[in-house]
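Reader: I'm new to reading protein models. Could you walk me through this one, a question at a time?

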Amino acid sequence: GKTPKNYDTVYSFGHYHTTVQGDFLRLVLTADRKNNDTVDPFLELTTDHMVFVEGNRAIPASLVKVGDKVVLADGELSAVRYIQTVSRVGAYAPFTESGSLVVNGVQASSFVAFQDAEYLTVGGVQTPFSFQWLAYTFESVHRIMYRIGFGSETYSEDGISSWVYVPWKMTQWLLLQHSLGIWIVMVPVVLILALLHMFESYFITIAL
């Protein structure tokens with residue numbers, strides 16, 4: 001959920017691995033002195049996992065710099081004081097119906113970016129499609145299937161959900177191809193995703 005009073009459904013885990021060890025970025029923010037907070041809030045996430053910054057933009061953690069303002073659970077902003085690299089055991093990426101979640105009082109995305117950027121770039125051209133929008137829209141089918149009772153899943157040895165693994169691998173492969181091929185594949189895929197998202201919105205409306 002986006003605030004402590006606004007809960008959200010976790011319908012899946014894109015990544016769930018209890019024993020894997022890896023490096024994470026630790027974003028240490030500025031405590032709210034007005035509320036007499038003495039502990040600096042922080043968020044730990046992989047470099048490609050996205051976090052919400054000023055303007056409600058979702059960017060990969062690798063792009064966050066000291067001084068950038070990160071969105072907190074209540075919608076307020078907090079400046080990044082410093083950034084560390086830490087080693088942790090376990091990797092978890094909860095998928096919520098809103099596509100965002102709150103961790104340690106900080107708003108984070110459920111998703112990762114496939115490039116070190118906010119928007120998908122093809123052949124040096126920045127598209128209008130943010131990775132947050134692409135990932136959230138792609139998950140429309142998964143969310144619909146979950147709502148009608150067909151959301152069961154398994155996980156690969158790396159802890160990647162069966163709903164995510166093949167599309168994740170295919171996207172990684174596609175982004176290594178010639179830009180013309182990427183455009184040829186991407187345009188119809190984006191159109192299909194947009195239609196599926198519209199159907200999901202309609203499905204939710206009639207279900208309420």
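Author: Sure, below are your questions about this predicted model, each with a short answer.

Reader: Into which domains is the protein divided?
Author: Think of the chain as split into two parts. One part spans residues 10-112 and the other spans 119-207. They go by the names domain 1 (10-112) and domain 2 (119-207).

Reader: How many bridges pair β1 with β6, and in which sense?
Author: Start with β1, residues 10-29, and then find β6, residues 77-96. Val10 stands opposite Thr96 in β6, so you can use that pair as a landmark. The two strands are antiparallel, and the count is 15 bridges.

Reader: Which residue in β2 is the bridge partner of Leu25?
Author: β1 also pairs with β2, residues 42-45. Those two run antiparallel and are joined by 4 bridges. In β2, Leu25 is partnered by Leu45.

Reader: What does UniProt list for residues 43-118, and what is the strand percentage there?
Author: The UniProt record, an unreviewed entry, lists this stretch as "domain: Hedgehog protein Hint". In the model, the C-alpha atoms at its ends are 19 Å apart. Helix makes up 0% of it, and strand makes up 61%.

Reader: How much helix is there over residues 180-199?
Author: From the unreviewed UniProt entry comes the annotation "transmembrane region" for residues 180-199. Here the end C-alpha atoms sit 29 Å apart, and strand is 0%. Helix is 100%.

Reader: What is the phi of Asn104, and is that residue buried, partly exposed or exposed?
Author: Most residues other than glycine have a negative phi. Asn104 has a positive one, near 55°, and belongs to the loop between β7 (100-103) and β8 (106-112). Its relative accessibility is 46%, which lies between the 20% and 50% cut-offs, so Asn104 is partly exposed.

Reader: In which loop is Asn56?
Author: Asn56 is another residue to look at for its backbone angle. It has a positive phi of about 55° although it is not a glycine. Its loop is the one between β3 (49-53) and β4 (57-60).

Reader: Where does the largest nonpolar core lie?
Author: That core has 19 residues, and Met50, Leu120 and Phe131 have the most contacts inside it. Two or more residues come from each of β3, β9 (119-122), α1 (131-138) and α4 (179-207). Because domain 1 (10-112) and domain 2 (119-207) both give residues to the core, its place is between domain 1 and domain 2.

Reader: How many residues are in the other core?
Author: This other core lies apart from the largest one. Among its members are Val51, Ala61, Val70 and Val106. Its total is 15 residues.

Reader: Which residues does Phe131 touch?
Author: Leave out residues up to four places away in sequence. One contact is then Met50, and another is Val112. The rest of the list is Ala113, Phe114, Gln115, Ala117, Glu118, Tyr119 and Leu120.

Reader: Which residues of domain 1 lose the most area to domain 2?
Author: The centres of the two domains are 22 Å apart, taken over C-alpha atoms, and 17 residues of domain 1 contact 17 residues of domain 2. Together the domains bury about 1,400 Å², with 56% of that on carbon and sulfur atoms. On the domain 1 side, 41% of the buried area comes from three residues: Tyr11, Glu97 and Phe111.

Reader: Which glycine in the turn between β9 and β10 has a positive phi?
Author: β9 and β10 (residues 125-130) run antiparallel, joined by 3 bridges, and Tyr119 stands opposite Ser130. They form a hairpin with 2 residues between the strands. The turn residue with a positive phi, about 60°, is Gly123.

Reader: Is Ser140 buried or exposed?
Author: Ser140 is in helix α2, residues 140-147, and touches Leu196, His197 and Glu200, leaving aside residues up to four places away in sequence. Its C-alpha atom is 9.0 Å from that of Ser201, though 61 residues separate them along the chain. Because its relative accessibility is 0%, Ser140 counts as buried.

Reader: Which residues of α2 are buried, and which glycine follows the helix?
Author: Ser140 is one of the buried residues of α2, and the others are His142, Arg143 and Ile144. After the helix comes a glycine whose phi is positive, near 95°. That residue is Gly149.

Methods
Residues are numbered from 1 along each chain as its sequence is written. This is a predicted model: local features need pLDDT of at least 70, side-chain atom pairs count only at pLDDT 80 or more; totals for chains, interfaces and linings use all residues. Side-chain values use heavy atoms; hydrogens and water are left out. UniProt positions are given in the numbering used here, feature names are shortened, and annotations may be inferred rather than shown by experiment. Buried means under 20% relative accessible area, exposed over 50%, partly exposed in between (1.4 Å probe, protein chains only). A nonpolar core is a set of buried Ala, Val, Leu, Ile, Met, Phe, Trp, Tyr and Cys residues joined through side-chain atoms within 4.5 Å. Domain bounds come from an automatic or database domain assignment. Contact means heavy atoms within 4.5 Å. Buried area is the accessible area (1.4 Å probe) that two parts lose on being put together, summed over both.
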